[in-house]
Amino acid sequence: PAPRDVLVCIPRSRLKAVEEEEARVAEAVRRGHKPPTYFWTVGRLPATQPRRVYFCWDGAIRAYHDCVGMIREPDHRLLLDHVIHKIGTPIEQPSFRGWRYWEPSR
């Protein structure tokens, strides 16, 4: 099957930590350090590696990362490129747990 995009929600309780991590990575890249690969832990992995992982928080889809791999052990992780692609106009999305396949309107 062809790769599909997935959508995950950042819980309010984790949003500040995610923003702080993004700021640390941006500063490291600015200083010329090799950027790390982000990861997002999920309860189960998609059937095939997604192209992109979209993120929603505060009731809207606001950004995505390109997915560069998946790890099954010791837990299920989606590996993400460090570049954050912001979405110009956030797309309303109610919060949910886990992940779901998602296709952005083109």
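In what order do the elements of the chain run from the N terminus on? In this predicted model, the order is β-α-β-β-β-β-β-β, so that the chain holds one helix and seven strands.

The overall dimensions were considered next. For a chain of 106 residues, a compact globule would be expected to have a radius of gyration near 13 Å, and the value of 14 Å computed for the chain agrees with this expectation. Taken along the principal axes, the box filled by the C-alpha atoms is roughly 40 × 30 × 30 Å. Of the contacts in the chain with a separation of 6 or more, 66% are accounted for by residues 24 or more positions apart.

With regard to the surface, buried residues make up 33% of the 106 residues, while the chain exposes about 7,000 Å², of which carbon and sulfur atoms supply 51%. The charged side chains comprise 18 positive and 13 negative ones, and the centres of these two sets lie 2 Å apart.

Strand β2, which spans residues 38-41, shows an alternation of its side chains. Y38 and W40 point to one face and are buried, whereas F39 and T41 point to the other face and are not buried. In a regular strand, the side chains alternate between the two faces of the sheet. Strand β2 is joined by four bridges to strand β5 (residues 77-80), and the two strands run antiparallel. Within this pairing, T41 has R77 of β5 as its bridge partner.

Methods
Residues numbered from 1 in each chain as written. Predicted model: local features only at pLDDT ≥ 70, side-chain atom pairs only at ≥ 80, totals over all residues. Heavy atoms only, no water. Rg over C-alpha atoms; globule rule 2.2 N^0.38 Å. Buried < 20%, exposed > 50% of the residue type's maximum accessible area, 1.4 Å probe, protein only. Contact = heavy atoms within 4.5 Å. Areas by Shrake-Rupley, 256 points an atom, 1.4 Å probe, with all protein chains shown as cover. Lys, Arg positive; Asp, Glu negative; His and termini not counted. Charge placed at Lys NZ, Arg CZ, Asp CG, Glu CD. Pairing = 2+ DSSP bridges.
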